[in-house]
Amino acid sequence: GIVLVAINPYEQLPIYEQDVIYAYSGQNMGDMDPHIFAVAEEAYKQMARSAEEKNQSIIVSGESGAGKTVSAKYAMRFFATVGGSASETNIEAKVLASNPITEAIGNAKTTRNDNSSRFGKYIQIGFDKRYHIIGANMRTYLLEKSRVVFQAEDERNYHIFYQLCASSSLPEFKDLGLSKCWHIPVLWW
């Protein structure tokens, strides 16, 4: 398959605008500069525009902080725009609306990143017969369960642990029925 190496510039660049999406739409791989939109166009073309109409996969891999989530968002934005569903449904926002919740449960501070995801995401996007996005499903895998009971020096547990501790004095916390479970044993070796 096609491999694209991208670098997270840690700032917004004008290479992900709507006009760039339209520039890559309908192009053949290699006709334009390497770009996440070129990869997305090839996958979309193989699914929608070829006679086989095959399911496609885009694997986004990299180190913590490499920009995997942002790259996935750009690919979804591309699909929503070229599929004509961007104005009908803001599917990108809907699919990623759960991201803050999943980050609280699955992200932690590591020595390399203050908000490092400790799990992978599998996002499945469904298209109708007109190749408009009609829905999506996000699953997580490989949750780093050992972090719950052990963190390396200078690292932290999952964010949700600290968020619950910080909110334990709020009146809403009583309704959660968690007040009896806040006995944290400290072991000395």
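**Note on the predicted model**

1. From the N terminus on, the elements of the protein chain follow the order α-α-α-α-α-β-β-β-β-α-α, which adds up to seven helices and four strands. Please keep in mind while reading that this is a predicted model, and that every value below is computed from it.

2. Two figures describe the protein chain as a whole. Of its 189 residues, 29% count as buried. If one takes the contacts between residues at least 6 apart in sequence, 47% of these contacts join residues that are at least 24 apart.

3. Helix H2 deserves a careful look. Helix H2 has 14 residues, and the distance from its first C-alpha to its last is 19 Å, which is close to the 20 Å expected at 1.5 Å a residue. How many of the residues of H2 are buried? The count is 12 of 14, and H2 is therefore described as mostly covered, given that a residue is called buried when its relative accessible area is under 20%. The buried residues are Ile36, Phe37, Ala38, Val39, Ala40, Glu41, Glu42, Ala43, Tyr44, Lys45, Met47 and Ala48. What covers these buried residues includes helix H1 (18–24), H3 and strand E3 (120–127). As background for viewing any such element, an α-helix has 3.6 residues a turn, so residues three or four places apart point the same way.

4. Glu41 serves as an example from within helix H2. Is Glu41 buried or exposed? Glu41 counts as buried because its relative accessibility is 1%, and the cut-off for that class is under 20%. Leaving aside neighbours within four places in sequence, Glu41 is in contact with Tyr24, Ser25, Gly26, Gln27, Arg49 and Phe78.

5. The second largest pocket holds about 510 Å³ of space. Among the 22 residues that line this pocket, those closest to its centre are Ile2, Leu4, Val39, Ile58 and Ile59. Val39 has already appeared in this note, as one of the buried residues of H2. Helix H2 (36–49) and helix H3 (68–82) each supply at least two residues of the lining, and H2 gives the most, with five residues. When the lining of the second largest pocket is sorted by class, there are 12 nonpolar, eight polar and two charged residues.

6. A record adds an annotation here, which should be read with care. In an unreviewed entry, UniProt places the feature "binding site" at Gly62, Glu63, Ser64, Gly65, Ala66, Gly67, Lys68 and Thr69. Which of these residues are included in the lining of the second largest pocket? The lining includes Gly62, Ala66, Gly67 and Lys68.

7. Two of the annotated residues can be set side by side. Ala66 is found in the loop between H2 and H3, and the place of Gly67 is also in the loop between H2 and H3. Ala66 is partly exposed because its relative accessible area is 32%, whereas Gly67 counts as buried because its relative accessibility is 14%.

8. Thr69, another residue that UniProt includes in the "binding site" feature, lies in helix H3. At 29% relative accessibility, Thr69 counts as partly exposed. If residues up to four places away in sequence are not counted, Thr69 touches Asn99 and Lys121. Thr69 and Ser117 are 48 residues apart in sequence, and their C-alpha atoms are 9.9 Å apart in space.

9. Thr110 and Asp154 are best examined together. Thr110 lies in the loop between strand E1 (107–108) and strand E2 (116–117), and at 8% relative accessibility Thr110 counts as buried. Beyond its neighbours within four places in sequence, Thr110 is in contact with Ser116, Arg118, Arg147, Asp154 and Glu155. Asp154, for its part, lies in the loop between E4 and helix H6 (159–167), and Asp154 is exposed because its relative accessible area is 56%, the cut-off for that class being over 50%.

10. The backbone angles of two residues should also be checked in the viewer. Asp154 has a positive phi of about 70° although Asp154 is not a glycine. Tyr131, which is not a glycine either, has a positive phi of about 65°. The place of Tyr131 is in the loop between E3 and strand E4 (133–141), and Tyr131 counts as buried because its relative accessibility is 19%.

Note on methods
Residues numbered from 1 in each chain as written. Predicted model: local features only at pLDDT ≥ 70, side-chain atom pairs only at ≥ 80, totals over all residues. Heavy atoms only, no water. 1 Å grid on protein atoms, 1.4 Å probe; cavity = no way out; pocket = protein on both sides within 12 Å on 5 of 7 lines; lining within 4 Å. Points joined across faces, edges and corners; volume = space filled by probe spheres on them. Nonpolar A, V, L, I, M, F, W, Y, C, P; charged D, E, K, R; others polar. UniProt positions renumbered as here; feature names shortened; annotations may be inferred. Buried < 20%, exposed > 50% of the residue type's maximum accessible area, 1.4 Å probe, protein only. Expected span 1.5 Å × (residues − 1). Contact = heavy atoms within 4.5 Å.
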